[in-house]
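Visitor: I have a structure to go through and a few things to ask about it. Shall we pull it up?

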Amino acid sequence: MLTREFVHTFREAAPYINAYRGKTFVLAMGGESLLDGDFSSMAQDINLLVSLGVRIVLVHGIRPQIETLLQRQGIAPQFHQGRRVTDAATMDIVKQAAGATRHDVEARLSMGMPHSPMHGSHLHVAGGNFVTAQPLGVLDGVDMQYTGQVRRVDAAAIRQRLDAGELVLLTPVGYSLTGESFNLTMEELAAHAAIALKAEKLIYVVEGRGVVEHDGQLVSSLTSHQAEEMLQSGSLPDDVATYLPYCIRATRDGIPRAHLVSRHQDGALLLEHFTRGGNGTMIARDPLVKVRNASIEDVGDILGLIRPLEEQGILVRRSRERLEVEIGEYSVLEHDGKIYGCVAMHPFPEAETAELACLAVSQEKRDGGFGEMLLKHVEYQARTRGLQSLFVLTTQTSHWFVERGFAEADKSSLPLARQQFYNYQRRSKVFVKKL
């Protein structure tokens, strides 16, 4: 049983391993993760990602470390509009916190790792003056002094280090052209870095599981528009509400996916990216599920979907050659870049109708409403062509079509051209839907 589970899990992860090789992930985590030991297990997972060919840029925060040092020095923290006011004394503290925290991160990433799953690996960590900053200035009459904002991220220099197989570590301190240092926010720096590098993913590590509904249900995926609506509701935890605007900005500036993953769940980073269900919240600019016209490259995926149904006698057998000839009449449903469904529409314009055929959805997604989406897609296509009805021939799925507005009809109602190819051995029932 364990062997079967391992094989299933490994096969599930394999397409993601292949897809992420050579891609850049920007991973951002607050300073809290380094204070309670959560980072040790995540460091192993980061090493594993690098060993699989993922290019990692790690951005760490230092807020709690700054607070601890300020308290020791008896310096009262100052904030304005949620940003730290960084005077000269506080900037000295920021530098201390940044240096000490950076050393801690490098130490955890360099564990070797004799007592870990990554035994024998050695990860090289690169750093430097990759971030140019400028002062935030005066806000509402308050001089923010050494509190800064990102002016530029040296993407070319970072890519050189990534090309060399190194992990790039960014600390939330930037340097100006005049030689000054400025205190930056981790979440802003991470978003700027991801956009500058044209990263595949921007990942924030959060306290909870991600975006959660009122009933405690995890929201596994959101479009940027949906994320905005949830922000406006004002019901999100503080850290999610802090990171979500940067996720939205990044996805709208070309980053395909942004993620919120838990820092408390062991392996959360791997579960989110190498399993179909994930375990955090993913934000994308556009919906993750879409139906599109099929191409010749989709034939293999379509065959994989329909073969089990053909073996059960639900669908008529189709050869690869036939599919390739008729591919222009097929559509496929994609979820996050993977094909989970297909359908064909064979038009009979002289009879103002079309046949809906070869409707198939992957076993694992049959409760996700994907069949309904494919049906609506075909209905829309038929209407745009000026057709008046759809018909389907089926032996085992009549109830599904009846529930969606199809009515049983005699085979004589079929277009003459389709009657000639009616299979009397299958004795399929005919169902028609007026559009």
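Guide: Before we start, helices and strands here are DSSP runs, numbered from the N terminus, and a strand needs at least two residues. Keep in mind, too, that this is a predicted model.

Visitor: Fine. Where does Gln81 lie?

Guide: Look for a positive phi in a residue other than glycine: Gln81 has one, near 55°. Its relative accessible area is 54%, and exposed means over 50%, so Gln81 counts as exposed. As for its place, Gln81 sits in the loop between β3 (79–80) and β4 (83–84).

Visitor: And Glu352, how does it count by relative accessible area?

Guide: Glu352 is not a glycine either, yet its phi is positive, about 55°. You'll find Glu352 in the loop that runs between β19 (338–348) and β20 (353–361). Its relative accessible area is 42%, and the class between under 20% (buried) and over 50% (exposed) applies, so Glu352 is partly exposed.

Visitor: On to α5. Why are its buried residues on the same side of the helix?

Guide: Helix α5 takes in residues 88–109 and reaches 32 Å from its first C-alpha to its last, close to the 32 Å expected. Its buried residues include Met91, Ile93, Val94, Ala98 and Leu109. The buried set lies on the same side of α5 because the arc it covers around the axis is only 165°.

Visitor: Zooming out, what share of the residues counts as buried?

Guide: The protein has 15 helices and 23 strands, and its C-alpha trace spans about 90 × 55 × 40 Å along the principal axes. Of its 435 residues, the buried share is 49%.

How values were computed. Residues are numbered from 1 along each chain as its sequence is written. This is a predicted model: local features need pLDDT of at least 70, side-chain atom pairs count only at pLDDT 80 or more; totals for chains, interfaces and linings use all residues. Side-chain values use heavy atoms; hydrogens and water are left out. Helices (H or I, at least four residues) and strands (E, at least two) are DSSP runs, numbered from the N terminus. The expected span of a helix is 1.5 Å times one less than its number of residues. Buried means under 20% relative accessible area, exposed over 50%, partly exposed in between (1.4 Å probe, protein chains only). The arc is that of the directions from the helix axis to the C-beta atoms.
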